[in-house]
Amino acid sequence: MNNPCVNCGKQRVDGKTWKGKSGASVITYTQTICPDPECQKLVDKAIADRKEKSADIARKKVEAKLAREKLIAAS
Ligand SMILES: [Zn+2]
């Protein structure tokens with residue numbers, strides 16, 4: 001399986017595995033990590049940043065919607 005690291009291009013290795021439920025069946029998830037721990041830290045940080053950003057965008061959308069509803073209610 002070809003699964004290069006997004007950051008350094010090294011072949012990623014299996015990290016932790018955990019079991020999760022999908023409907024009635026149990027699925028084993030495997031997280032792949034970069035063999036270079038320092039690089040993996042950067043990748044983790046990039047993922048966290050991206051999550052933060054999309055959470056921010058979602059929050060702003062909700063705020064804009066609320067503001068719009070308030071305007072409609074006030075008119
Ligand atoms: Zn890497």
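Among contacts between residues at least 6 apart in sequence, 34% join residues at least 24 apart. That figure, like the rest here, comes from a predicted model.

What pattern does the protein follow along the sequence? Reading along, you get β-β-α, with one helix and two strands in total. The radius of gyration is 20 Å, well over the 11 Å that the globule rule gives for 75 residues, so the protein is more spread out than a compact globule. Along the principal axes, the C-alpha atoms fill a box of roughly 60 × 35 × 20 Å. As for burial, just 3% of the 75 residues count as buried.

Now for the helix. α1 takes in residues 37-74, and none of its 38 residues is buried, so the helix lies largely in the open. Does its length add up, or what should we expect of it? At 1.5 Å a residue, those 38 residues should span 56 Å, and the end C-alpha atoms of α1 sit 55 Å apart, which agrees.

Here are the two pairs of values side by side:

| Item | Value in the model | Value from the rule |
|---|---|---|
| Radius of gyration of the protein | 20 Å | 11 Å |
| Span of helix α1 | 55 Å | 56 Å |

Over in the strands, take V26, which has its place in strand β2 (residues 25-33). Is V26 buried or exposed? It counts as exposed, because V26 has 9 C-beta neighbours inside 10 Å and the cut-off for exposed is 12 or fewer. Setting aside neighbours within four places in sequence, V26 is in contact with K19 and K21.

Key
Residues numbered from 1 in each chain as written. Predicted model: local features only at pLDDT ≥ 70, side-chain atom pairs only at ≥ 80, totals over all residues. Helix = DSSP H or I, 4+ residues; strand = E, 2+ residues; numbered from the N terminus. Buried ≥ 20, exposed ≤ 12 C-beta atoms within 10 Å, placed from the backbone. Contact = placed C-beta atoms within 7 Å. Expected span 1.5 Å × (residues − 1). Rg over C-alpha atoms; globule rule 2.2 N^0.38 Å.
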